2 protein chains.
Amino acid sequence: MGHGHGGQDAAPLAERLRARGLRLTAQRQRVLAAVTALEHATPEAIGARLREEAGPGGAAPDTSTVYRNLELLERLGLVWHTHLGKGAPVYHAAEHPHLHVVCQSCGEIASAAPDLLDSAAERLAADLGFTVDVGHVALSGTCRACRERAGSEPSS
Amino acid sequence: MGHGHGGQDAAPLAERLRARGLRLTAQRQRVLAAVTALEHATPEAIGARLREEAGPGGAAPDTSTVYRNLELLERLGLVWHTHLGKGAPVYHAAEHPHLHVVCQSCGEIASAAPDLLDSAAERLAADLGFTVDVGHVALSGTCRACRERAGSEPSS
DNA sequence: GTTAATGCAAACTCTTTGCACATCC
DNA sequence: GGATGTGCAAAGAGTTTGCATTAAC
């Protein structure tokens, strides 16, 4: 851990694109901005946000462009995605690796410190030679509110 | 733990169906058998297996029936599903809860003991009141073979 | 005989792809 | 100007649903 980077680098997007001979477009900047602004956003939610920002009459990036750029931004190391179960994956800015915890009942997403899985990761590495990718991990279960709600309701 | 069941209980499917006024059909028995036989099978794979078993000219359960019965069997507590990332979920017989570990590169699925996450589960319960559902958890990462393969190849 | 379950076909969601046109460098 | 990126539309997985027919009890 610890590369000691404080906030965000100046313009990592432009830099990384140049380094690969790729182009900086308005769409790419907007998709990255939307991912950063919306935590845990699905591609659909990101698209909706962009349409909102564009306003009526304004042109928002096409859905296919959103998908293509999310994939690109992930390759560039600027965003990260996690599958929380069925349905769409969620994206977040790649600054701090963290772990996702999702409630099966209400869908609420909480974040946890990555070191939560350190001991499990060590055991897996030792036993299976398997390296856990903390950023992609989602733990599922039941949050306190849903647990209490379920307890107080009839079972049928 | 410890109901001391060596193999499988006699006919838990028939029992549980009766208890709910539901019917025992050939399709339900076959879907359950396929899930038990195939570890980590997707609905599609289960359907394919059933078509194979039926042979040419034989009638296999329809895809929609497979889906409906997987859902039912899960409600009955006989099968369990896990999302391993993008794509279809995988089903397994619900006998032993275990944890899934999936390699992002080759897609290989390994199983791990459920107590692997005990300490993490305790911390989550204490800090967030969140109860982890071990059976639904899939950890993603890289298996030893893929890790070594990646190390020996050019980065681009 | 009555209700539940199946099969079939169509709809639906989420995602990817092909290709002409527009854009960035 | 030349290659990359975008929008559009269509195709593609995976899953769900409505409804007539079939099968369980």
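**Notebook: the protein around DNA strand D**

I began at the phosphates, where a polar side-chain atom of Tyr67(B) lies 2.3 Å from a phosphate oxygen of DNA strand D. I am working with a predicted model, so I keep that in mind for each entry.

Next I asked which elements give two or more residues to the surface near DNA strand D. I found helix H2 (26-37) and helix H4 (63-75) in chain A, along with helix H3 (43-54) and helix H4 (63-75) in chain B. H4(A) gives the most, with 4 residues.

I then looked up two further polar contacts. In chain A, a polar backbone atom of Asp62(A) is 2.9 Å from a phosphate oxygen of DNA strand D. Arg23(A) turned up at a base instead: a polar side-chain atom of Arg23(A) lies 2.8 Å from a base nitrogen of the strand.

Which residues come nearest to DNA strand D? Of the 22 around the strand, I noted Arg23(A), Arg28(A), Glu44(B), Tyr67(B) and Pro89(B). I also checked the DNA side: sugar and phosphate make up 64% of the strand's atoms that come within 4 Å of the protein. Sorting the residues of this surface by kind, I got 8 nonpolar, 6 polar and 8 charged.

Last, I compared the two chains. I can lay chain B on chain A with an RMSD of 0.1 Å, using a turn of 179° and a shift of 0.0 Å along the axis. That is how a two-fold axis relates its copies. I also saw that 100% of the interface residues of chain B are interface residues in chain A too, so the copies meet through the same surface.

Conventions:
Residues are numbered from 1 along each chain as its sequence is written. Chains are lettered from A and ligands numbered from 1 in the order in which they are written. This is a predicted model: local features need pLDDT of at least 70, side-chain atom pairs count only at pLDDT 80 or more; totals for chains, interfaces and linings use all residues. Side-chain values use heavy atoms; hydrogens and water are left out. A residue is near a molecule or strand if one of its heavy atoms lies within 4 Å of it. A polar contact is a pair of N or O atoms within 3.5 Å; within protein, one must be able to donate a hydrogen and the other to accept it, and residues adjacent in sequence count only if both atoms are side-chain atoms. Ala, Val, Leu, Ile, Met, Phe, Trp, Tyr, Cys and Pro count as nonpolar, Asp, Glu, Lys and Arg as charged, and the others, Gly among them, as polar. Copies are superposed by least squares on the C-alpha atoms of residues with pLDDT of at least 70 in both. Contact means heavy atoms within 4.5 Å.
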